[in-house]
Amino acid sequence: MKTIKVGMLGIGNVGSGTYLALEMNSAAIEKSAGVHLEIAKILNRRPDVKRAVEVPREKYTSDPYEIINDPEIEIIVEVMGGIEPASTYMADALRAGKHVVTANKAALAVNGEMLQKLAMENHVMLRFEASVGGGIPIINAVADPLVSNQYDEVLGILNGTTNYILTKMTENGADYDDVLKDAQKKGFAEADPSGDVEGYDTANKLSILISLLFGKGILPGDIPTTGITSVSGIDISYATEFGYKIKLIGHAKKTPDGLTYSVEPTLLPLAHPMAAVSNEFNAVFVRGNAVDELMFYGKGAGPLPTGSAVLGDVIDIANCIAKKAAFDIQPLLHYDSKLPSIGEGSSQYYMRMTAIDQPGILGHIASTFAKHDIGLQSVMQRAGDNDRKTSVPLIFICYNVERQVLNACLEEIREEGYATSIDAVMRVQDR
Ligand SMILES: NC(=O)c1ccc[n+]([C@@H]2O[C@H](COP(=O)([O-])OP(=O)(O)OC[C@H]3O[C@@H](n4cnc5c(N)ncnc54)[C@H](OP(=O)(O)O)[C@@H]3O)[C@@H](O)[C@H]2O)c1
């Protein structure tokens, strides 16, 4: 039986999970794929630190180029994270004729096209199933058997930490800060959670999905991104009254004017399948012109689920090597130069503002919306919760409007002095 040697850059959560998944399943892999996979060398800059898996010490090296330039190693698994030096190591590995498997969304979102081109030039594969949705098999599904589809829309709950926090805020009526502390205690949020809660991690993954589904290169920094830190319990409870759940959604949609995209807390109708995705689970919902609606659901993180996705890519490559089959292309290329990129585009929006409690104020505000040609679908006025009742919360859901038009209208409402503050503005998913 042919042995295929694999080198691994990094032995943290995902590296250990990959190593363990191979240990658990090597007999089955040999039976089904007909190859013996051997993790031959591992980059470990701190060999004395205890790792989650027992690895023979002689497999460790502190020099990445001992792996990248090893003529016996055919596949390199990059599970270090970060844009650099991971991107440079992957590029050098591809140039050296190695196949590369990575879980690194941050590096792919910025350098995916460059790495894809290098893979093609060197007749090797770049595979990245674990980079979006961890253990959920989304990438290979949309890039391969469903390639017969033109995609119109994608919605992703792509970050387990934020979904866990929003779920607990919804279920328990708890405040953001308390739930974050609880999530940190349970290991669902990092000590520094900013990459997750500010939406940057979701933007990295959305950038990869946009590349795959729509052939556009949108850097994560160019995706309008709002995290969940300003979502309050009060908005969650108003959203519930209107029949919605608030989720952090990475969204992209083809419209007649171009591609719209954003990462932001979004009100999802309770009947939408994504509204039921709770706790640390992730999901990706796509609409294709042939397949119609599809949803992928599962654990978006964790050593073993993510490690199993990494290992799946390794097995696919090993299969191709063993069968001398043509290497497939995972298109991270930006082929659609005709599709304009237009950012947020238009949508329905939920708004909460604090208004002066005087007769006629609601009418004034409604007429400012009308002046900007913004139709209101729902309006709710609540009794003020301050003793002297000098202000009241007003909640609106408007029909489709461009975000810039809405912003200008809200600014005018503020300048007119009828609303003392605009407290929340969130996208509403129509269907
Ligand atoms: N964790 C998940 O559930 C998950 C899910 C999907 C995708 N991912 C992606 O998978 C990748 C790895 O994540 P992880 O959670 O496994 O991270 P991690 O636990 O921090 O592991 C990273 C590993 O890489 C090593 N490393 C980092 N920079 C290095 C450098 N410059 N030189 C040598 N070694 C270096 C670290 O060494 P030390 O241990 O010595 O620091 C560690 O062994 C990231 O791209 C992440 O976004 C993670």
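This is a short talk about the ligand site and two cysteines in one structure.

Hi everyone, thanks for coming. One thing up front: what you see is a predicted model.

Let's begin with the ligand. Where does it sit? The ligand occupies the largest pocket. Around the ligand there are 21 residues, and the closest of them are Val 14, Arg 45, Arg 46, Arg 51 and Gly 302. If you like to think in residue classes, that shell splits into 9 nonpolar, 8 polar and 4 charged residues.

Now for the polar contacts, and I'll pick three. From the side chain of Arg 46, an N or O atom comes to 2.7 Å from a ligand oxygen. Gly 302 uses its backbone instead: an N or O atom there is 2.7 Å from an oxygen of the ligand. The backbone also takes part at Asn 13, where a polar atom lies 2.9 Å from a ligand oxygen. And how much of the ligand's surface does the protein bury? On its own the ligand would expose 890 Å², and the protein buries 77% of that.

Let me move on to the cysteines. How many disulfides does the structure hold? The count is 0. For anyone who wants the reminder, a disulfide is a covalent bond joining the sulfur atoms of two cysteines. So why is Cys 398 not in one? Its closest cysteine sulfur belongs to Cys 409 and is 8.6 Å away, which is too far for a bond, because a disulfide needs the two sulfurs within 2.5 Å. Cys 409 is in no disulfide either, and its nearest cysteine sulfur is that of Cys 398.

Are these two buried or exposed? Cys 398 is buried, at 0% relative accessible area, and Cys 409 is buried too, at 0%.

That's my tour; happy to chat!

Methods
Residues are numbered from 1 along each chain as its sequence is written. This is a predicted model: local features need pLDDT of at least 70, side-chain atom pairs count only at pLDDT 80 or more; totals for chains, interfaces and linings use all residues. Side-chain values use heavy atoms; hydrogens and water are left out. A residue is near a molecule or strand if one of its heavy atoms lies within 4 Å of it. A polar contact is a pair of N or O atoms within 3.5 Å; within protein, one must be able to donate a hydrogen and the other to accept it, and residues adjacent in sequence count only if both atoms are side-chain atoms. Accessible areas come from the Shrake-Rupley method with a 1.4 Å probe; for residues, only the protein chains shown count as cover. On a 1 Å grid over the protein atoms alone, a cavity is a set of points where a 1.4 Å probe fits but cannot get out, and a pocket is an open set with protein on both sides within 12 Å along at least five of seven lines; lining residues have an atom within 4 Å of a point. A molecule sits in a cavity or pocket if more than half of its atoms lie within 2 Å of its grid points. Ala, Val, Leu, Ile, Met, Phe, Trp, Tyr, Cys and Pro count as nonpolar, Asp, Glu, Lys and Arg as charged, and the others, Gly among them, as polar. Buried means under 20% relative accessible area, exposed over 50%, partly exposed in between (1.4 Å probe, protein chains only).
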